[in-house]
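Student: I should like to examine one segment of this model closely. Please place it within its surroundings as you answer.
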Amino acid sequence: MNSTKKNVTVRKQKIRKNHIRGKLLFFSALVVILLIAAALARHLCPYDPYAQDLLQAQKPPSAEHLMGTDRYGRDLFSRVLVGSTTSVYATLILVAIITVAGTVIGIICGWCGGVIDTVLMRISDLFLAFPSLVFALAVAGVLGGGIQNAIIALAVIGWPKFARLARGLTLAQKDSAYLMAVRLSGSGILKIMFKHILPNIAGPILVTSVLDIGTMMMELAGLSFLGLGVQPPMAEWGSMINDGRSMLQISPWMVLAPGLAIFITVMLFNLLGDTLRDFMDPKERAKR
C-alpha cells in the first residue's frame with residue numbers, strides 16, 4: 001500500500017515538473033517571437049507607419065487596415081508594429097540597466113558592510129520613500145522629453161529594489177561554509193563577489209528582473225503618455241494612446257490598438273516570470 005502511494009506521489013511530481021517545463025518553453029517561445037517581430041517590425045509593416053493620408057483619416061478596422069487609421073490617416077497596425085521596437089527594446093534596456101546596477105550595489109553592500117553599506121542603503125531608502133512614477137516624472141521633467149531621458153528617469157528610481165534583494169541574498173551567503181573556504185584559499189574580493197556569490201543569487205534576481213519588465217513597460221508608456229517620453233511623430237505605444245485619447249468616443253480603436261499591444265506584452269512577460277519562478281523554486285528543483 002505504501003509503495004503504491006509513493007509511486008502515485010512520484011508520478012504527480014513528474015507530471016507537475018513536465019507541466020512547468022512545458023509552460024516555460026511555451027512562454028519563452030512566445031517571447032522570442034515577440035522580440036523577433038519587434039526587431040523586424042519595419043519589414044513586417046503593410047504600410048509606411050509615418051505616411052499621412054488625410055483621406056483615410058480615422059477609418060475603422062477593416063480588411064484593408066486591420067486596426068484602423070489615426071487622425072492623420074496612418075495605418076495603426078503598422079504603427080503598433082513599429083512602436084513595439086521602441087516600447088519593448090527600450091524596456092529591456094531599462095530593466096538590464098537597473099538589474100545590473102542594483103545587483104552590483106547590493107552585492108558590494110552585503111559583502112563589505114560598514115560605511116559603504118549604510119550610505120548606499122540610506123540612498124536607496126530615499127528613492128523608495130517616493131512613489132516611483134511621481135519621482136520619475138520629476139526627474140524626467142528636469143531632464144526634458146525623449147526616450148533616453150525617460151530611461152534615465154526610470155533607472156534612477158528602479159535600482160533600489162534589486163540592490164536590496166541582492167544585499168539580502170548576499171548576507172545569507174556571506175557566512176556559509178563554502179565562502180569561508182574560498183576566503184581561506186586566498187581569493188580576492190572581486191572574485192568572491194562575482195564568481196562565487198553572484199551565480200548563487202542569480203536565480204531570484206533573474207525572476208525579479210523578468211517580472212519587472214511589465215511594470216517598467218507601463219511606467220515608460222506612462223511617461224510617453226504624459227509627454228515626457230517618446231516625442232511625436234515617433235511611434236510608441238504610450239504616446240499613441242495619448243494621441244488618440246481625445247478621439248476615444250469617436251474612434252476608440254486609436255486607443256484600443258496600442259492599449260491591447262501593451263496588455264498582451266505585459267501579460268506575456270508576467271506569465272513568463274511566474275513560470276520561471278515556479279521552475280526555479282528550490283522545492284520544485286529538489287523534486288527533480
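How far apart do the end C-alpha atoms of residues 250-273 lie, and what percentage of that span is helix and what percentage strand?

Tutor: In this predicted model, local features need pLDDT of at least 70 and side-chain atom pairs pLDDT 80 or more, while totals for chains, interfaces and linings use all residues. Residues are numbered from 1 along each chain as its sequence is written, and side-chain values use heavy atoms, without hydrogens or water.

The end C-alpha atoms of residues 250-273 lie 37 Å apart, and the span is 88% helix and 0% strand. Helices here are DSSP runs of H or I with at least four residues, and strands are E runs of at least two, numbered from the N terminus. An unreviewed UniProt entry annotates residues 250-273 as a transmembrane region, together with residues 88-114 and 126-157; such annotations may be inferred rather than shown by experiment. For residues 126-157, the end C-alpha atoms lie 10 Å apart, with 81% of that span in helix and 0% in strand.

The helix to consider next is α10, which comprises residues 253-279. With six residues, α10 gives the most to the lining of the largest pocket. This pocket (an open set of 1 Å grid points with protein on both sides within 12 Å along at least five of seven lines, lined by residues with an atom within 4 Å of a point) holds about 260 Å³ of space. Its lining comprises 15 residues, and those closest to the pocket centre are L34, V80, W237, A261 and T265. Besides α10, helices α1 and α3 each give two or more residues to the lining.

Helix α10 also supplies at least two residues of the largest nonpolar core, as do α1, α3, α4, α5, α6, α7 and α8. That core (buried nonpolar residues, under 20% relative accessible area, joined through side-chain atoms within 4.5 Å) has 47 residues. L94 and L154 have the most contacts inside this core. Leaving aside residues up to four places away in sequence, L94 touches I151, L154, A155 and M216, a contact being heavy atoms within 4.5 Å.

Apart from the largest core lies another, of 16 residues, including W237, I241, V255 and A261. Two of these names return to the pocket: W237 and A261 are among the lining residues closest to its centre.

Notes. Buried < 20%, exposed > 50% of the residue type's maximum accessible area, 1.4 Å probe, protein only. 1 Å grid on protein atoms, 1.4 Å probe; cavity = no way out; pocket = protein on both sides within 12 Å on 5 of 7 lines; lining within 4 Å. Points joined across faces, edges and corners; volume = space filled by probe spheres on them.
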